[in-house]
Amino acid sequence: MHHTSRLEISAAAYRQNITFIRSLIGPKPTISAVVKGNAYGHGIAQLVPIAEKSGVNHFSTFSSDEAREVLASSSGKAEVMIMGMLHLEEIPDLIRLGIQFYVFDLERLEAAIQAAKAVGIQAQIHIEVETGFHRTGFDWEERQRVLELLRKNAPFLELKGLCTHFAGAESAQNHPRIRQQILRFGDFADFFRENGLTFERSHAACSAATLLFPETQLDLVRIGIAGYGFWPTRETFQMMKSRLSPDNPNPLRRLLTWKTQIMSFKKIGQGDFVGYGKGFEAPEEMSLAIIPVGYSHGYGRNLSNIGKVLISGAFCPVVGIVNMNAIAVDVSHLADPKQGDEVILIGNQGDNEITVGSFAETSDLINYEMLTRLPSQIPRLIVD
Ligand SMILES: *Cc1c(COP(=O)(O)O)cnc(C)c1O
């Protein structure tokens, strides 16, 4: 099958990022690779074997379909943890597959207990508690009820974890709230411990918390964006800077390169409009290359007249509107561009680089969104 573009995923870059994270957290905490959103666009099927080769054998997903995909992509020793959506009726199946899952309300807890009884295998659960994120998690007022249910049904439950999630550790303005959350999580941990209940692991930290709040590293860190080579925000990077070695000021490396090729050329004269409508009017004679990637492939319309690509190591600006399947770029300044020449949409060519961040306009969180919008149909190739 021919596709109009492809994504290369660097195993070496992932190894480097994991080595850096390991250097921060020390040998003890487990690293869980967060692979929701098709591994932040990198492809679950590609990322799981790369992670396993880097010594990461724990994976966190949002949903049960992703968890099944992790199992299918794994060499067999992976621990898989669903942090979000599953259907209660599939719990027996998940238990048989050995998939762990978050429990954050009484309905799911009851369903897990019933399913474990029916299947005859313990449900491997993580109790998520509400510390201030206000999305999912048992409230402080529910702790006694949860304790009683866990105690009464102990034979049916393997208590894999006690966990929570922080509300924006990547931004200093949220840090008072994060500190409150850390205290509340400690209260929950104390409460269960004082009542004789132990969990295999406590975990709370995402990438930003792992970097900025070492006290949240606990027994396991859930690493998403940093594993893929991005700082959660520019602010996180600024706050980390003093702790980074001067010889290696940016230890995180992007895994992803997005490539395509020149499909065709068009010469236009002064005053000609390019593509639909009047999005771009040529100020002079120009040579355009037509590139077979558009918004249906994840190259956003917001990049109309703004985006840049690399051809022959030089930046070539997008002219006109990003179409469903194609863009036009200005190649007037190139010596001898040819059909089939490599085009870099994200990545390095020569001395230049198109970063994922350059796709961003204003929001610092755009990395996450841009990556997860890369359609799963684009072929992904593992490179070293
Ligand atoms: C997405 C997510 C993470 C990982 O967040 P990053 O900022 O990408 O490291 C961790 N925990 C939970 C519950 C998440 O939803």
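The numbered points below go through this predicted model, from the whole chain down to single residues.

1. Overall make-up. The secondary structure of the protein comes to 11 helices and 18 strands, and its C-alpha atoms fill a box of roughly 80 × 45 × 35 Å when this is taken along the principal axes. Of the 384 residues in the protein, 54% are buried, and the protein exposes about 17300 Å², of which carbon and sulfur atoms supply 50%.

2. Contacts and charges. Among the contacts in the protein with a separation of 6 or more, 67% are between residues 24 or more positions apart. As for charge, the protein has 37 positive and 42 negative charges, and the mean positions of these two sets are 3 Å apart.

3. The barrel. It is helpful to find the barrel before looking at single strands: eight strands close into it in the order β2-β3-β4-β5-β6-β7-β8-β9, and the pairing is parallel. From one strand to the next, the twist averages 30°. As background, strands of a sheet pair through backbone hydrogen bonds, either parallel or antiparallel.

4. Strand β3 and its two partners. Strand β3 covers residues 58-61, and it pairs in the parallel sense with strand β2 (residues 30-34) over three bridges, and also in the parallel sense with β4 over four bridges. His 58 can be followed to both sides, since Ser 32 stands opposite His 58 in β3, while in β4 the bridge partner of His 58 is Glu 79. Along β3, His 58 and Ser 60 point one way and Phe 59 and Thr 61 point the other way, and all are buried.

5. From β4 onward to β5. Strand β4 (residues 79-82) pairs in the parallel sense with strand β5 (residues 100-103), over two bridges. Within this pairing, the bridge partner of Met 81 in β5 is Gln 100.

6. Helix α8 and strand β8. Helix α8, made of residues 175-194, lies across β7 (157-163) and β8 (201-205), and it runs at about 150° to β7. Ser 202 has its place in strand β8, and it touches Leu 162, Phe 185, Leu 218, Asp 219 and Leu 220, if residues up to four places away in sequence are not counted. Ser 202 has a relative accessible area of 18% and is therefore classed as buried, because that class takes in values under 20%.

7. Ile 311 in strand β13. Ile 311 is found in strand β13, which covers residues 308-311, and it is buried, with a relative accessible area of 0%. Leaving aside residues up to four places away in sequence, Ile 311 touches a list of residues including Ile 262, Ile 291, Val 329, Leu 334 and Glu 342. The contact with Glu 342 deserves a second look, for the C-alpha atoms of Ile 311 and Glu 342 are separated by 6.4 Å, although the two residues are 31 residues apart along the chain.

8. Two residues with positive phi. Ser 312 is found in the loop between β13 and β14 (314-319), and it is exposed, with a relative accessible area of 57%. Ser 312 has a positive phi of about 50° although it is not a glycine. Asn 38, found in helix α2 (residues 36-40), also has a positive phi of about 50° and is likewise not a glycine.

Conventions
Residues numbered from 1 in each chain as written. Predicted model: local features only at pLDDT ≥ 70, side-chain atom pairs only at ≥ 80, totals over all residues. Heavy atoms only, no water. Pairing = 2+ DSSP bridges. Axes fitted to C-alpha atoms, helices over the stretch in contact; angles between N-to-C directions. Contact = heavy atoms within 4.5 Å. Buried < 20%, exposed > 50% of the residue type's maximum accessible area, 1.4 Å probe, protein only. Areas by Shrake-Rupley, 256 points an atom, 1.4 Å probe, with all protein chains shown as cover. Lys, Arg positive; Asp, Glu negative; His and termini not counted. Charge placed at Lys NZ, Arg CZ, Asp CG, Glu CD.
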